[in-house]
Each structure stands twice: as C-alpha cells, then as structure tokens.
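The following exercises invite the reader to work through a protein model step by step. Each task is followed by a worked solution.

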Amino acid sequence: MKDIMTAPFMTEFIRTVTNMYAHGWDERNGGNVSLLLEEEELAQYLDLTRVHRTIPTGFSAPALEGKCFLVTGTGKYFKNVQYEPCKNLGILRLITGGTKAELLWGFTDGGNPTSEFPAHMMSHIARLRVDPLNRVVMHCHPANLLAMTFVHNLDERAFTRTLWQMCTECIIVFPDGVNVLPWMLCGTNEIGEATAEKMETARLVVWAQHGIYGAGRDLDETFGLIETAEKAAEVYMKIAHLPRLNTITDEGLHQLEARYGVKARSGYLL
Ligand SMILES: [Zn+2]
C-alpha cells in the first residue's frame, strides 16, 4: 500500500484549500470542497474493505451509490488542513442509495463531512449528468462576488453580462455564465436541491449574500473558474459607483467567442 499523503489527489487537494484560504475566500470554517475519486487509484493507497465508521447523510443520492469522495470536514478551518489533513479531511464512500457514507480515511477526531454535504453531492449528480468528467464541487466566500450580490440585480443574464464585461477572459472561461440563487438557509437539502438544479446549466452558482459554488473536471479548473469570476466582481466593485465611459461591447464578446471557440449561453449576447 502506498502512503496516501503522497497521492496526487491528496497533495493537490491540500494545496488547493490552502490557496483558497490564502485568497481570503475561506475565513474561519467557511467553505467546503469535495473531489470524486477513482476507486482504482484509491485502492493503491487504502484498503477499501476497511470501514472506520458509517455516517448517515440525511439525503438520498442513488446515482452516487458506491462512489468515493475526498471532502472537507464540518467546522474545520481551511488554514489548518495542511498541518493536520487526517483530522480536517475525510474519504467517504456512499452506500445504501447515498443515505449513508462509510468513512474510509480521515476525520480522526470523530469529525463529520461538511454541513453542505447535501449541496455537494446533489451538485455532483447534476454536473455528472451534463459532464461525465466532472470531479470537483467547491464552495467559498469570495468578498467581491458576495459584495456584488448586495448592489447588482440578481437576474442571471444581467449578472453574467456584467461579469463578462469586466475582464476580457471571462466569456472564454465561463461562457455558460453564472447562475444565482436568492438568499436561502444554508446547510439544508432545499438549498442543495436548488443549487443542483442551477448546476445543470452553469458551472458557477452564486448564493446571494453568502458565496459561490463552482464545479469542474479538476481542482485547478474549478479554482480558476471561481478566481476569474471573483476578479471580474472585484473590478465591478471598483467601478460600480463611477460613470462608465467604456466597456467590452457585445460585438467584442462575439469576437472572443469566434476567436477562442466558445459559445456564450444562448440569448445572453445581443
Ligand atoms: Zn458558505
């Protein structure tokens, strides 16, 4: 058996959450990340027949039966993950239609998966339906995206168009746009279901006055997606109160589509 602390999925996961903390996106115990693991790869590092304990999930997710995930723990601080990964992270396998999870590694202090486990698992199901290569769901609290939800209307087309207009690369990085949920109580199956529904049409879902969810095929791609949207929101928050003399026009956005081979969400450009 190889040492799990040398597994590429583990080192990259730890680097990513450490970087998220460094970006100021995950104050205190804010934020959570889940990564779908390949069972074959995992078996090189763990005896998959050895279950430490079984944790009820409080939801049903038959589509993920038997799937294994590396996830952050509830109440855990991202800043501490790099120092004590086995306490702050866990590897879980969903069983009995997703109503229970077997702990295969981690949460050594008796901890449990993130309180947003329902939103993560339901989002994985939704993304896998549209992209079988999706592996990552990431949630955090980037300040400018959050700030934008106080001063910008939450219409998804309008919100997306504003972000696209802020940085030239935005339409290339997220041509599917950004979906938006109004403020809702977090940690519940309801917000999980609402997030998953939004995840079917975009890889970014803003939770108004709370934060953002991103999904992608790997940790870098998902981090980069949130990073790009957050940069655009930062520019918006710097200029929102000033007269706008110039912008990226729809003609310019169409040129970007053609040059970089992306297709903007239908109906979002003039
Ligand atoms: Zn949050």
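**Exercise 1. Determine how strands β8 and β9 are paired, and identify what joins them.**

Step 1. Strand β8 covers residues 204–207 and pairs with β9 in the antiparallel sense, over four bridges. The model examined here is a predicted one.

Step 2. Individual positions show the register of this pairing. Val206 has Ile212 of β9 as its bridge partner, and Leu204 stands opposite Gly214 in β9.

Step 3. The connection is a hairpin: three residues lie between β8 and β9. In the turn, Gln209 has a positive phi of about 55 degrees.

**Exercise 2. Find the strand that pairs with β9 in the antiparallel sense over five bridges, and describe how β9 is covered.**

Step 1. The strand sought is β6, which pairs with β9 (residues 211–216) in the antiparallel sense over five bridges.

Step 2. Two positions of β6 illustrate the match. The bridge partner of His139 in β9 is Tyr213, while Val137 stands opposite Ala215 of β9.

Step 3. Burial is assessed next, with buried meaning under 20% relative accessible area. Six of the six residues of β9 are buried, and the strand is mostly covered.

Step 4. The residues are then sorted by face. Gly211, Tyr213 and Ala215 lie on one side of β9, and Ile212, Gly214 and Gly216 lie on the other; all are buried, and both faces are covered.

**Exercise 3. Explain why strand β6 is described as largely enclosed, and name a pairing with β1.**

Step 1. Strand β6 comprises residues 136–140. Because five of its five residues are buried, β6 is largely enclosed by the rest of the structure.

Step 2. The two faces can be listed separately. Val136, Met138 and Cys140 are buried on one side of β6, and Val137 and His139 are buried on the other.

Step 3. Strand β1 (residues 32–37) pairs with β6 in the antiparallel sense over four bridges. Within this pairing, Leu35 has Val136 of β6 as its bridge partner.

**Exercise 4. Give the order of the strands in the open sheet, and locate the helices α7 and α9 relative to it.**

Step 1. The open sheet is formed by nine strands, in the order β2-β5-β4-β3-β1-β6-β9-β8-β7, with mixed pairing.

Step 2. β2 (53–56) and β7 (178–181) are the edge strands, each pairing on one side only. From one strand to the next, the twist averages 25 degrees.

Step 3. Helix α7, residues 156–166, lies across β7 and β8 and runs at about 135 degrees to β7.

Step 4. Helix α9, residues 189–199, lies across β7, β8 and β9 and runs at about 160 degrees to β7.

**Exercise 5. State the volumes of the largest and second largest pockets, and describe the lining of each.**

Step 1. The largest pocket has a volume of about 190 Å³. Its lining consists of 16 residues, of which Asn29, Gly30, Gly31, Asn32 and Ser115 are the closest to its centre.

Step 2. Sorted by class, the lining of the largest pocket contains one nonpolar, twelve polar and three charged residues.

Step 3. The second largest pocket has a volume of about 160 Å³. Its lining includes Pro8, Phe9, Glu12, Leu35, Arg135 and Asp218.

Step 4. α1 (8–22) and β1 each supply at least two residues of the lining of the second largest pocket. By class, that lining has six nonpolar, no polar and six charged residues.

**Exercise 6. Decide whether Thr114 and Gly110 are buried, partly exposed or exposed.**

Step 1. Thr114 lies in the loop between β5 and α5. Gly110 also lies in the loop between β5 (100–106) and α5 (117–130).

Step 2. The relative accessible area of Thr114 is 5%. Buried means under 20%, so Thr114 is buried.

Step 3. The contacts of Thr114, leaving aside neighbours within four places in sequence, are with Asn32, Thr72, Gly73 and Thr74.

Step 4. Gly110 has a relative accessible area of 44%. Exposed means over 50%, with partly exposed between that cut-off and the one for buried; Gly110 is therefore partly exposed.

Step 5. A distance completes the description of Gly110. The C-alpha atoms of Gly110 and Asp3 are separated by 22 Å, and the two residues are 107 residues apart along the chain.

Technical notes:
Residues numbered from 1 in each chain as written. Predicted model: local features only at pLDDT ≥ 70, side-chain atom pairs only at ≥ 80, totals over all residues. Heavy atoms only, no water. Buried < 20%, exposed > 50% of the residue type's maximum accessible area, 1.4 Å probe, protein only. Pairing = 2+ DSSP bridges. 1 Å grid on protein atoms, 1.4 Å probe; cavity = no way out; pocket = protein on both sides within 12 Å on 5 of 7 lines; lining within 4 Å. Points joined across faces, edges and corners; volume = space filled by probe spheres on them. Nonpolar A, V, L, I, M, F, W, Y, C, P; charged D, E, K, R; others polar. Axes fitted to C-alpha atoms, helices over the stretch in contact; angles between N-to-C directions. Contact = heavy atoms within 4.5 Å.
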